[in-house]
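Let's take a walk through a protein model, one piece at a time. Keep the structure open beside you as you read.

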Amino acid sequence: MTLDKIWVYCEGGADGVATITLEMLAKAREVAGTVEAFCGGDGAACAAELGDHGATAVYSTGDLGGRMQGVSVASAVAAAVSSGSVAAPDAFLLGTTYDGRDVAARLSVKLDASVLSNVVDLRLDGDRLVGVEPVFGGTINVTSRFTNGGPDIWLVRPKSFEPSAVGGPPAESVELPVPDLGAAGGAVVLDRFTEESEGPKLDEAAIVVSGGRGLGSAEAYSMIEQLAKELGAAPGASRAIVDAGWVPYSYQVGQTGKVVKPTVYIACGISGATQHLVGMKGSKNIIAINKDSEAPIFAVADLGIVGDVHKVVPKLTEALEGR
């Protein structure tokens, strides 16, 4: 048995549709007979990629004129569903992102529907979805389901599912009218700041090199960046050194940072607190470098090096430079 229909919130990425959207489309195809998407802006622009990943239609707001995604998208979708002009889906899937959480919260209010967040898996139990969520810092997984009549609203953690194309035709583009937004529609995005970076994006990189408190100082983080450069990797960090101001928040790997799932993850001077493990334990190969042989990071590592990062990392970088 499958659900009749699921709607997936589509977000834009650097080169088209965001990866989190494609991940959710793959899961939605497993549990629903019909998969459709909804977005803010021009739906026709992403119809081909969405169709390639199984969406048969994309409902969009049209040009937002600089307005916030959450206000416009939630209002348009709620108005269409409430009026019956569009058949309500059994569930909405949205990514645990800034825009995803904003849209989900507003949809919840407008449709009087509950939200379950931070979901890492979804499966069918009869004719309803059951979600799996990590709690207590990721040490325990719990399963939850809605007991109301729906539609269900699920916020999905990035990297929970593998995206896969099915080669479908472009999704049909349907524009939804945006109702009067009142005072909430007064907020307009005036400018966007994009932090400059080189190399692959942290949450999409095949190799990630992260540094932690064991580095000892902000200046020592440069050796993490150098090793990452030699490997064509993305540099990452533990929450401890982000909180200390050594590196920007955008570098943080963990429960309250980025969730990564690279082929190789190298943890340098990171003890392995649960908060950090939640964000990287799905990596295919984990290499840990730490002078404390009892550090929790070694429990999840495929290869552990007990040693001083200030000696091991430069030697590794030197060896790579000499290839």
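## A loop residue with distant partners

Start with V188, which sits in the loop between β12 (172–175) and β13 (207–211). Keep in mind that what you're looking at is a predicted model. Is V188 buried, exposed or partly exposed? V188 has a relative accessible area of 42%, so it counts as partly exposed.

Now look at who is around V188. Its C-alpha atom is separated by 4.6 Å from that of R67, even though V188 and R67 are 121 residues apart along the chain. If you leave aside neighbours within four places in sequence, V188 is in contact with G65 and G66.

## Two domains

Zoom out for a moment. The domain assignment splits the protein chain into domain 1 (3–185) and domain 2 (207–320). Their C-alpha centres lie 33 Å apart.

How many residues of each domain are in contact with the other? On the domain 1 side there are nine, and they touch seven residues of domain 2.

## Helix α3, mostly covered

Next up is helix α3, which runs over residues 69–83. With 15 residues at 1.5 Å each, α3 should span 21 Å, and its end C-alpha atoms are indeed 21 Å apart. Just after α3 comes G84, which has a positive phi, near 85°.

Most of α3 is hidden away: 12 of its 15 residues are buried. Among them are Q69, G70, V71, S72 and V73, and further along the helix A80 and V81 are buried too. What do the buried residues of α3 pack against? Their partners are β1, β4 (32–39), β6 and α4 (98–111).

## Aromatic rings meeting up

Time for some rings. The structure holds seven aromatic pairs. Take W7 and Y59: their ring centres are 4.5 Å apart and their planes sit at 20°, so this pair is stacked. W7 belongs to strand β1 (residues 3–9) and Y59 to strand β5 (residues 57–60), so the pair links distant parts of the chain, 52 residues apart. Both W7 and Y59 are buried.

W7 has another ring partner, F92. Here the centres are 5.8 Å apart and the planes are at 85°, so this pair is edge-to-face. Since W7 lies in strand β1 and F92 in strand β6 (residues 91–95), the pair ties together parts that are 85 residues apart in sequence. F92 is buried, just like W7. Put these together with two others and you get one aromatic cluster, made of W7, Y9, F38, Y59 and F92.

## Helix α8, a helix with two faces

Last stop: helix α8 (residues 309–321), with 13 residues. From first C-alpha to last, α8 reaches 18 Å, close to the 18 Å expected at 1.5 Å a residue. Which residues of α8 are buried? They are V309, V313, T317 and L320. Look down the axis of α8 and those buried residues fall within an arc of 60°, so they line one face of the helix. Here's the background: an α-helix has 3.6 residues a turn, so residues three or four places apart point the same way.

The buried residues of α8 pack against α5 (222–231), β15 (264–268) and β16 (285–290). Turned away from that buried side is a face with the exposed residues K311, K315 and E318. Finally, check the N-terminal end of α8, which is capped by D308. One of the side-chain oxygens of D308 lies 2.9 Å from the backbone nitrogen of H310.

Definitions and conventions. Residues numbered from 1 in each chain as written. Predicted model: local features only at pLDDT ≥ 70, side-chain atom pairs only at ≥ 80, totals over all residues. Heavy atoms only, no water. Helix = DSSP H or I, 4+ residues; strand = E, 2+ residues; numbered from the N terminus. Expected span 1.5 Å × (residues − 1). Buried < 20%, exposed > 50% of the residue type's maximum accessible area, 1.4 Å probe, protein only. Arc of directions from axis to C-beta. Contact = heavy atoms within 4.5 Å. Polar contact = N/O pair within 3.5 Å; in protein donor to acceptor, adjacent residues only side chain to side chain. Phe/Tyr/Trp six-rings, centres within 6.5 Å; stacked < 30°, edge-to-face > 60°. Domains from an automatic or database assignment.
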